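Colleague: I have a new model open on my screen and I'd like to learn how to read it. Could you walk me through it, one feature at a time?

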Amino acid sequence: MINNRLYWWLESNKILNPHQAGFRTGQQTKDQLFRLSQKVIDGFQKKKNTTAVFVDLQQAYDRVWRKGLLWKMREVGIHGRLYQWVKYFLVNRMIQTKINNGISSKLTQEEGLPQGSSLSCTLFLIFINDLPDVVQTEKALYADDLVMWHTNKHPGISARLLNEDLDRLQNYCDKWKLKINSSKTVYSVFTKSHIGAKKNIHLSLRGTNLKKEEIPIYLGVKLDRQLALKKHIQDLRGRANKRLQLVSSNSSSSSSSSSINSCSNSISYSSSSGGGGSSRFPFFFLFL
């Protein structure tokens, strides 16, 4: 009940950042995938490249600074009994570890949100609600999955702007006690140019150069530089065929076999037609 009331108030007053799609009614992972992919395709049509940085926020859910969260709640206008209820929901939480017959002493949790509560998801949205405003390039956020990108004919310009955003993002994380995992934060260049695809761009985070990823995974989808999605569809086809074989081995009726063969043929057709250089990619197939 508390979560429903809080979430309704946030949406009704348009508090939640429009770049955030996680934990929100009527929004899904594919919304952010469409946002990024459409911008990349728009760039292709103008013969431009898109450089994207996929940011990994390390254990963001478990690192939420509770005092900072309460401050942000007051800043967006949450006061009174609701604020007090949430405050007592968060403070003075104890943890204890049991290994075999041994039990550790109790410790007070200063960071993180309670696991298994729908209210924690809404509180997390409040905590990182101002994160997208720090990034000046284009961006999309799904819970703690952040991607930011810039489209230009000259990758050097994109690199300069993205490096500036990485510095701003690092300062934001330092302030709010979040941590960017530089080893898992990668960049990719979406381009139709074979020459451009071979070039490396200097993007760094506090002196650590970011790794270039040829096939980045964003929200469960394997992307490639031309958005042909061949690798993703190939993997989907492999997994689907394994499941069909399992079903087939447990089914002996002719009608079931006919249905299975029909599904298998559809998968093979989608895989063979999903590549190419078409500007319209088969997103209908990505979420099977």
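**Reading helix packing, burial and backbone**

Modeller: Let's start with one pair of helices: α4 and α5 are roughly perpendicular to each other. Keep in mind throughout that this is a predicted model.

Colleague: How do people describe a pair like that?

Modeller: Two packed helices are described by the angle between their axes and the distance between the axes. For α4 and α5, the crossing angle is roughly 110 degrees and the axes come within 12 Å. Angles of 65 to 115 degrees count as roughly perpendicular, so this pair falls in that class.

Colleague: Which residues make the contact between α4 and α5?

Modeller: On the α4 side you'll find W85, V86, F89 and L90, and on the α5 side L119, S120 and L123. By character, that contact has six nonpolar residues, one polar and no charged.

Colleague: What about α1 and α5: at what angle do they pack?

Modeller: Helix α1 covers residues 2-12 and helix α5 residues 118-127, and they pack at about 30 degrees with their axes 9 Å apart. That angle makes α1 roughly parallel to α5, because the cut-off for roughly parallel is under 35 degrees. The crossing of α1 past α5 is left-handed.

Colleague: Which side chains should I display for that one?

Modeller: Show I2, N3, L6, Y7 and L10 from α1, then S118, L119, T122, L123 and I126 from α5. The contact of α1 with α5 splits into seven nonpolar residues, three polar and no charged.

Colleague: I2 sits right at the start of the numbering. What does I2 touch, leaving aside its neighbours within four places in sequence?

Modeller: I2, which lies in helix α1, is in contact with L82, W85 and L119. Try a C-alpha distance too: I2 and V86 are 84 residues apart along the chain, yet their C-alpha atoms are separated by 8.8 Å.

Colleague: α5 keeps coming up. How many of its 10 residues are buried?

Modeller: Nine of them, so α5 is mostly covered, with buried meaning under 20% relative accessible area. The buried ones are L119, S120, C121, T122, L123, F124, L125, I126 and F127. The cover over them includes α1, α3 (66-75), α4 (80-90) and α7 (155-175). While you're there, look at the start of α5, where a side-chain oxygen of S117 reaches to within 3.2 Å of the backbone nitrogen of L119.

Colleague: And α3: which residues are buried there?

Modeller: In α3, the buried residues are R66, G68, L69, L70, K72 and M73. Their cover includes α4, α5 and α7.

Colleague: Now the loops. What should I look for in the backbone?

Modeller: Start with the sign of phi. Most residues other than glycine have a negative phi, and most peptide bonds are trans. Here F23, which is not a glycine, has a positive phi of about 60 degrees. F23 is in the loop between α1 and α2 (29-45), and at 39% relative accessibility it counts as partly exposed.

Colleague: Where is N100, and what is its phi?

Modeller: N100 is in the loop between β3 (98-99) and β4 (102-103). Phi of N100 is near 55 degrees, again a positive value in a residue other than glycine. With 67% relative accessibility, N100 counts as exposed. As for a glycine, G77 takes a positive phi of about 105 degrees just after α3.

Colleague: I tend to picture loop residues out in solvent. Is N17 buried or exposed?

Modeller: Buried: N17 has 5% relative accessibility, and N17 is in the loop between α1 and α2. Not counting residues up to four places away in sequence, N17 touches R24, N129, P132 and D133.

Colleague: One last stop. What polar contact does the side chain of T137 make?

Modeller: The T137 side chain makes a polar contact with the side chain of D165, at 2.6 Å. T137 lies in the loop between α6 (131-134) and β6 (138-142) and counts as buried, at 7% relative accessibility. Apart from neighbours within four places in sequence, T137 is in contact with M148, W149, H150, L161, L162 and D165.

Definitions and conventions: Residues are numbered from 1 along each chain as its sequence is written. This is a predicted model: local features need pLDDT of at least 70, side-chain atom pairs count only at pLDDT 80 or more; totals for chains, interfaces and linings use all residues. Side-chain values use heavy atoms; hydrogens and water are left out. Axes are lines fitted to C-alpha atoms, for helices over the stretch in contact, and angles run from 0 to 180 degrees between N-to-C directions. Helices (H or I, at least four residues) and strands (E, at least two) are DSSP runs, numbered from the N terminus. Angles under 35 degrees count as roughly parallel, over 145 as roughly antiparallel, 65 to 115 as roughly perpendicular and the rest as oblique. A crossing is left-handed if the near helix is turned anticlockwise from the far one by less than a right angle, and right-handed if clockwise. Contact means heavy atoms within 4.5 Å. Ala, Val, Leu, Ile, Met, Phe, Trp, Tyr, Cys and Pro count as nonpolar, Asp, Glu, Lys and Arg as charged, and the others, Gly among them, as polar. Buried means under 20% relative accessible area, exposed over 50%, partly exposed in between (1.4 Å probe, protein chains only). A polar contact is a pair of N or O atoms within 3.5 Å; within protein, one must be able to donate a hydrogen and the other to accept it, and residues adjacent in sequence count only if both atoms are side-chain atoms.
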